[in-house]
Amino acid sequence: MAPTSQEDIDWFKSTFRPIPKPQLPDDSIEYSLYYIPSNPAPATVDEAAETRSRLVEVQRSAAELTRELLKDYIWQRDGFRLEIAKQDGVTSLNGRTNYGDSIEDEWVIVYLLRELTKKHKNVWAQVVDSDGQFLLVEAAGVLPAWLEPEIADNRVWVNQGELVIIQPKNPSKKKVAEKISLPESRRAIVEEPQRLMRSAVIQNEAFYRLRNYPKQISENLHSALVTIPRKVAFLLHQKPAYISAAVEAFYLRDPIALRPLRAKDTSDLLFKPEDFATVSVRFTRVGYAQLRSQDFPAPKAWLGTLPSKDDLKTYDRAELGMKLSCGFEMLLSDPQNQDKPVVREIKLLLEDLDSGDESLPTDGEIGKWDKRDDDEKWLDISFEDLDRELKGKNKSQGNESKEEGAFGDANAQENLQRIVARFEEFLGDNSAGFDGADFIDDFGSDSDIAEDDDDEISSDEDKEAPMDEEKLSQMMKEMMGRSSMPGLQGGPSSSKRVEELDTDSEEDDTDAIKQLSRQMESELKGTGVLDLNRPSQKAAGKPAVKEDDKQENEQDVDEDEDPNINLAKNILESLEGQGGAAGPAGNMLSMLNLPIPKGDRHE
């Protein structure tokens, strides 16, 4: 066989294209846990066996933590799970969860990973979603200038409950093109601890959504009394998690899924509208909102089964039960769902009912079940409550009688106030240069970086000297003087100055410019143009204002002068005008890493 020539090797390199790494599906989160001891293991210890043993302990801790914190929790789609895997000679615990529309599921997983790293000192966790390093997205406003998305892979870790970022070898540069692989990242953790940045500022922003955990885990769920067929009540009592699959089947329904409900012969329905029971059903908040907000006319089989709207509470429970029952019907009858594990489980339970191995619950048994019915106020956000909260009138104007939480979701309230604060911070940024204000500021707090004293990195090099306001004002006056000379009064004097500027020396030019600027300033002051605090002119012959109207106008002026109220109103009105599409307000909120508030101002 002839030896391979350099020409053949070059040809192969030019034509070879590596197989691209499969993209993470939308609405999914992927996480990995690695055992990385700070001290190398003795030569007598089997390193692979030691790593596997430690990871098995982490797996047990994860199971205990899940039982403790997520006993009654309902996942929107997939749950949290860890499996031991080995890739490129490295053993780790890996998992992937599809969280669907429930963003809170993603943050529940981040909280679990954080708790696991607290319990196991030498365990390091990585977590990404379909957007990439979403923890950095959360902290985008306080990241160092060098940390760009292109080089962020394998730099972000969670250890001992803290966010750890691996710095480049020369972090003083604003532009860093250095990418690192997973082996290089693991090697830096062990051999170069001075490169590990632990910043309290970045961490607080990255984990901001976890500030109310673990209490908030239970608040992600909503219980409601629903009137449903006894067979549906039996299924949900057997396994409450079936609710997510049924709600999703209802929410994502298509004409094929609706065929059984629209058929003339309704005798083949699995869940006939009969033998009703009112039970408490536990939903995810997202699932309940999806079911509650949908306009769904009653199918033919359900006509005449819903009660009168005179008793609105009874009607709402029955209508919600109708939607839920139709969701179960579509889930089990749609051909595209037949291979789903949840569908196979439900069909086995229904077969046990038909065979007599299982029996439907009696009224007495249902009466012993939990009858929890949560408040729905978290669904509502009104503009009146928004104005009152931002003005601080709940306390100052004696609204203590109003129930706590009447604003709606407390998190939504806090997020709106945070939006206003971040916009004020952005608009008040005096450090912006001629290129405009930056959304991502340089990270310049050396006290927040855990590193050796000998290797301290100064961030002062990345900071630009502040603009001298007096010099800027002088420059503006000079520029205005040059552009305004042709139109100024006293033309001969001005033209004389121009001739002097053309003939005198550089030093004389400076004196002439200063003198010309002073002259222009005095002329402009005479016209009142430079007087920014002058009162507005009133129209001649304006009638006197009545005392009552005057007080009312003063109150309106006070409200209009509140920048917080005006800013929030303008943001929300712009979002409403977008109609769910992209627009300037939504883009700015995304760039500022702020959640987009939802709600109907006309509701």
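## Structural note

1. Gln 160 is partly exposed, its relative accessible area being 40%. The model under discussion is a predicted one. In this model, Gln 160 occupies the loop that joins β5 (156-159) to β6 (162-166). Although Gln 160 is not a glycine, its phi is positive, at about 55°. As a general matter, most residues other than glycine have a negative phi, which is the reason for drawing attention to this site.

2. A second residue calls for the same kind of remark. Asp 27 is not a glycine either, yet it has a positive phi of about 60°. Asp 27 is found in the loop between α1 (6-15) and β1 (28-35). With a relative accessible area of 29%, Asp 27 counts as partly exposed, since that value is neither under 20% nor over 50%.

3. One peptide bond also deserves a comment. Most peptide bonds are trans. The bond from Tyr 213 to Pro 214, however, is cis, with omega near 5°. Pro 214 belongs to the loop between α6 (200-206) and α7 (215-219).

4. As regards the chain overall, it comprises 603 residues, of which 37% are buried. The secondary structure consists of 23 helices and nine strands. Among contacts with a separation of 6 or more, 77% join residues that are 24 or more positions apart.

5. Helix α2 (residues 47-69) has 23 residues, for which a rise of 1.5 Å a residue predicts a span of 33 Å; the end C-alpha atoms of α2 are 33 Å apart, so the two values agree. The buried residues of α2 are Thr 51, Leu 55, Val 58, Ser 61, Ala 62 and Leu 65. The elements covering these buried residues include the strands β1, β3 (90-98) and β4 (123-129), together with helix α3 (103-119).

6. Helix α13 (residues 341-355) contains 15 residues, and the distance from its first C-alpha to its last is 21 Å, close to the expected 21 Å. Its buried residues are Val 342, Val 343, Ile 346, Leu 349, Leu 350 and Leu 353. Because these residues cover an arc of only 125° around the axis, they lie on the same side of α13. The general background is that an α-helix has 3.6 residues a turn, so residues three or four places apart point the same way. On the other side of α13, Pro 341 and Leu 348 are exposed.

7. What do the buried residues of α13 pack against? Their partners are α8, α9 (242-251) and α12. Following α13 comes Gly 356, which has a positive phi near 95°.

8. Two of these partners, α8 and α12, also meet each other. The axes of α8 (residues 230-238) and α12 (residues 312-333) come within 11 Å and cross at roughly 75°. That angle falls in the range of 65 to 115 degrees, and the two helices are therefore roughly perpendicular. In this contact, α8 contributes Val 232, Leu 235 and Leu 236, while α12 contributes Leu 324, Ser 325 and Phe 328. Five of the contact residues are nonpolar, one is polar and none is charged.

Technical notes. Residues numbered from 1 in each chain as written. Predicted model: local features only at pLDDT ≥ 70, side-chain atom pairs only at ≥ 80, totals over all residues. Heavy atoms only, no water. Axes fitted to C-alpha atoms, helices over the stretch in contact; angles between N-to-C directions. Helix = DSSP H or I, 4+ residues; strand = E, 2+ residues; numbered from the N terminus. Parallel < 35°, antiparallel > 145°, perpendicular 65-115°, else oblique. Contact = heavy atoms within 4.5 Å. Nonpolar A, V, L, I, M, F, W, Y, C, P; charged D, E, K, R; others polar. Expected span 1.5 Å × (residues − 1). Buried < 20%, exposed > 50% of the residue type's maximum accessible area, 1.4 Å probe, protein only. Arc of directions from axis to C-beta.
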